[in-house]
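Biologist: Hi, could you walk me through the empty spaces in this one?

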Amino acid sequence: MVNKKIYINGVGCISPQPTLDNKSFLEETVSVESSRMKAIGPNYKEFIPPEMVRRMGRIIKMGVAAAKTSLADAECQLPDAIITGTGLGCIEDTEKFLGNMIRNNEEFLTPTAFIQSTHNTVSAQIALLIKCHGYNFTYVHRGFSFETAILDSLMQIESGQAKSVLLGAADELTENSFQIQSRMGYWRQKPADNLKLFEHPTKGTVAGEGAAFFLLHEKKNSNTYAVLQDVEMLFRPDSPEEVISEIKLFLERNGLKESNIDLLVLGRNGDIRFDSIYDSVTETAFPGVPTCNFKHLCGEYMTASSFGVWMASRILKNQQIPDMLIIGKKPETLKHILLYNHYQGINHTLILLSQA
């Protein structure tokens, strides 16, 4: 439990939907008939010097653009710290470097791809561009990556080590990673319409990618979106009952009950092997509470919950839910939103956001 209120004062999100412009909120949605969804990239020269753009990998460009958007949104030029999470890191540059090693017999290798293949390159590049010399950390904990970054951010602000933190997450999808994970049974074998993902549940889901950044501050401003209240992680629970018990304890330590939750944001992805636990949790612990899904908009990836936090933050600020998202009756008030997500049934996470 965090004793100090920590506010989300700015957001920036690049996803398979047109989300980078904070003036609109899912008024238009992209429908793709495929097993994968590619993030919509802006004109990166608006965020990065042109001479640097051509040398940057796609995940770095996505992260920089989303980070700079969130800083501008919060009217903050320089945060005290930068904390990010990523599941697979800069795999495009990793593949490029390894490919060059094989083709050139490990000789005459250029260092750029190697330097940019490390997982902390995104946060490091952001720091270089905005000249931030403070605390800079990247967490690579698979489905816990973004949530661990949240936990560290909350601790930095609550302990007084930082007043503002640029929190973010980014993951990219390459052809090789898609094919490997497809052979592992992660993705649907036949193309699926992402907006109709839940109408035809089957094995596998739609792959995605994206970057989402948030400017956290100990004080709110005129643009504040929400209060980032708490986060919890649960590794390999034995049953839905264990998850429900953990949710109750999580809410209790924040002075809430299940009846205080106005909206559930859930990480359903249309995979019949993993979605049933969401049904068990909602039916048992939150009967009648309206829900929203988000992975049909961004696809599945290790830090997809960052897109869910972006969506929940926008909902709390606007105090309205787009019609195409809501399942059930629209709540009269929106004070508390609980995001529950899991990755491959292994990494289960809870994120609590409240109205500022």
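**Cavities and the pocket**

Modeller: Sure! Lining the largest cavity (points on a 1 Å grid over the protein atoms alone where a 1.4 Å probe fits but cannot get out; lining residues have an atom within 4 Å of a point) are Leu88, Asp171, Glu172, Leu173, Gln181, Trp187, Gly208, Glu300, Tyr301, Met302 and Tyr343. This is a predicted model, where totals for linings use all residues. Numbering runs from 1 along each chain as its sequence is written.

Biologist: How much space lies in the largest cavity?

Modeller: About 90 Å³, counted as the space filled by probe spheres set on the points. By class, its lining has 6 nonpolar, 2 polar and 3 charged residues, with Gly counted as polar and Tyr as nonpolar.

Biologist: How many cavities of 30 Å³ or more are there?

Modeller: The search of the whole structure finds 3. The second largest has a volume of about 60 Å³, and its lining includes Ile59, His119 and Phe213.

Biologist: Which strand gives the largest share of that lining?

Modeller: β5, with 3 residues; β3 (81-85) and α5 (121-130) each supply at least two. The lining of the second largest cavity has 5 nonpolar, 7 polar and no charged residues.

Biologist: Switching to the largest pocket, which residues are closest to its centre?

Modeller: The largest pocket (an open set with protein on both sides within 12 Å along at least five of seven lines) holds about 300 Å³ of space. Of its 17 lining residues, Leu88, Arg142, Gln181, Tyr186 and Met302 are closest to the centre.

Biologist: And which helix gives the most to that lining?

Modeller: α7, with 4 residues.

Conventions. This is a predicted model: local features need pLDDT of at least 70, side-chain atom pairs count only at pLDDT 80 or more; totals for chains, interfaces and linings use all residues. Side-chain values use heavy atoms; hydrogens and water are left out.
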